[in-house]
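Good morning, and thank you for coming. I would ask you to look at the sequence and the model first, and then I shall take you through the parts of it in turn.

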2 protein chains.
Amino acid sequence: MPQQPPLACQSHDHQSCIDAAILAAGRICRERSVRLTPLRQQVLTLIWQSHKPLGAYAIMDMLAAATTRRIAPPTVYRALEFLLEHKLIHRINSLNAYIGCPEPENQHHSYFLICSDCGIATECPAKYLAPAIAKTAASAGFDIDDQSVEIIGRCPSCRKR
Amino acid sequence: MPQQPPLACQSHDHQSCIDAAILAAGRICRERSVRLTPLRQQVLTLIWQSHKPLGAYAIMDMLAAATTRRIAPPTVYRALEFLLEHKLIHRINSLNAYIGCPEPENQHHSYFLICSDCGIATECPAKYLAPAIAKTAASAGFDIDDQSVEIIGRCPSCRKR
DNA sequence: TCAAGTTATGTTATTGTATAACACTTTTTT
DNA sequence: AAAAAAGTGTTATACAATAACATAACTTGA
């Protein structure tokens, strides 16, 4: 089987990832007539700047540091709520943390590989997972609304070390 | 495809489930030379008495009610930690809640179907999911330590209504 | 253009989830 | 019985999320 280490585990020009994500977010919000306000864009940027999922309070502290004034939890949570609603970010339940979605234009479910060593979380292909989940739910007579798949382990880079 | 509604969604003698779980837990702890203390057994019983996953603070309140004195969070969390360690219970990340494991003797991963209507969570068969996850991780060169699969939707009983 | 309505953010307080650090008790081992 | 280990109690605190209400900023339509 061919092994493709996730992009996040390879060295790459991450600034271009961030830029692309912000551009895509702007496009999507324009299409949907919703507002990517400065705050929302700032939160999205902070999340994208980290390959590791960021907690809400980490984001709060970064915002506070950037603006030199106190930012209260609801401010951050509302921005997160907006970004989640428009699938610009995902929530990692096992970490209580948030990470940028690399393909917000394509409707898709988010399955994650999370490295317990370096902390990096990457979306993984739905190819095998999506049909397996569909079959599992169908055989139990269950109607799917939402799904959360989080695989914890060690990424290729950390395995080498 | 044959539809098998999860046991939890059917009426059944749940007391015998609880009894079996406690017996199995005793057996496992004896084998491993660890102690299923009264507190741990009490927490395990409380969790088993509920088909819905129980939060730590709900367990705290139940313990407090049963013993008529205050129980502090660490007491409960330590019991939960022990039960998790020995796979006598599972944690449902999307709910911050805990549920009994019906087959603690068999090493297995826990995949869940969670009904957003009645709140019942049931383990679902690994038949399709386990190989899909293995293939997905392998194709990314990822070593699996742990996995969390939570499918949220509506169970057969709630769909009928 | 400006008043009304809507959307977004600020602010204070509170609830829910989880752990750290240290004291004390019980069980196990020697 | 003393020492060591395991378990529980207690206090305080960190981290995660939301409720309720006030203010500001944008949008819309006469």
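Through which surface do the copies, chain A and chain B, meet? They meet through the same surface, because 100% of the interface residues of chain B are also interface residues in chain A. Please bear in mind throughout that this is a predicted model.

Let me begin with the symmetry. A turn of 178° and a shift of 0.1 Å along the axis lay chain B on chain A with an RMSD of 0.2 Å. That is the relation of a two-fold axis. Within chain B, the C-alpha nearest this axis belongs to B:Val149, at 2.3 Å from it.

I turn next to the contact between the two protein chains. Here 41 residues of chain B are in contact with 41 residues of chain A. About 3,500 Å² is buried between these chains, and carbon and sulfur atoms give 65% of that area. Three residues, B:Tyr128, B:Thr136 and B:Phe142, supply 18% of the area that chain B buries against chain A, more than any other three residues.

What polar links cross this interface of chain B and chain A? There are 10 residue pairs in polar contact, and 2 salt bridges are found. One salt bridge joins A:Asp143 to B:Arg159, with the closest N and O atoms 3.7 Å apart. On the side of chain B that touches chain A, at least two residues each come from strand E3 (111–115), helix H5 (129–139), strand E5 (143–154) and helix H6 (156–160) of chain B. The largest share of that side, 12 residues, is from E5(B). By class, the side of chain B that touches chain A divides into 23 nonpolar, 11 polar and 7 charged residues.

We come now to the DNA, starting with strand C. Which residues come nearest to DNA strand C? Of the 18 residues around this strand, they are A:Thr37, A:Arg69, A:Arg78, B:Tyr57 and B:Arg91. Of the atoms of DNA strand C within 4 Å of the protein, 50% belong to sugar or phosphate, and the rest belong to bases.

Both chains place side chains by the phosphates of DNA strand C. From chain A, a polar side-chain atom of A:Arg40 lies 3.0 Å from a phosphate oxygen of DNA strand C, and one of A:Thr75 lies 3.4 Å from a phosphate oxygen of this strand. From chain B, an N or O atom in the side chain of B:Tyr77 is 2.9 Å from a phosphate oxygen of DNA strand C. The elements that give two or more residues to this surface are helix H2 (38–49) and helix H4 (73–85) of chain A, together with helix H4 (73–85) of chain B. H4(B) provides the largest share, 4 residues. The surface near DNA strand C has 8 nonpolar, 3 polar and 7 charged residues.

Finally, I consider DNA strand D. Of the 17 residues around DNA strand D, A:Tyr77, A:Arg91, B:Thr37, B:Arg69 and B:Arg78 come nearest. The side chain of A:Tyr77 has an N or O atom 2.9 Å from a phosphate oxygen of DNA strand D. For B:Arg69, a polar side-chain atom lies 2.7 Å from a phosphate oxygen of DNA strand D, while for B:Thr75 the corresponding distance is 3.4 Å. H4 of chain A, together with helix H2 (38–49) and H4 of chain B, each supply at least two residues of the surface near DNA strand D.

Notes. Residues are numbered from 1 along each chain as its sequence is written. Chains are lettered from A and ligands numbered from 1 in the order in which they are written. This is a predicted model: local features need pLDDT of at least 70, side-chain atom pairs count only at pLDDT 80 or more; totals for chains, interfaces and linings use all residues. Side-chain values use heavy atoms; hydrogens and water are left out. Copies are superposed by least squares on the C-alpha atoms of residues with pLDDT of at least 70 in both. Contact means heavy atoms within 4.5 Å. A residue is near a molecule or strand if one of its heavy atoms lies within 4 Å of it. A polar contact is a pair of N or O atoms within 3.5 Å; within protein, one must be able to donate a hydrogen and the other to accept it, and residues adjacent in sequence count only if both atoms are side-chain atoms. Ala, Val, Leu, Ile, Met, Phe, Trp, Tyr, Cys and Pro count as nonpolar, Asp, Glu, Lys and Arg as charged, and the others, Gly among them, as polar. Buried area is the accessible area (1.4 Å probe) that two parts lose on being put together, summed over both. A salt bridge is a side-chain nitrogen of Lys or Arg within 4 Å of a carboxyl oxygen of Asp or Glu.
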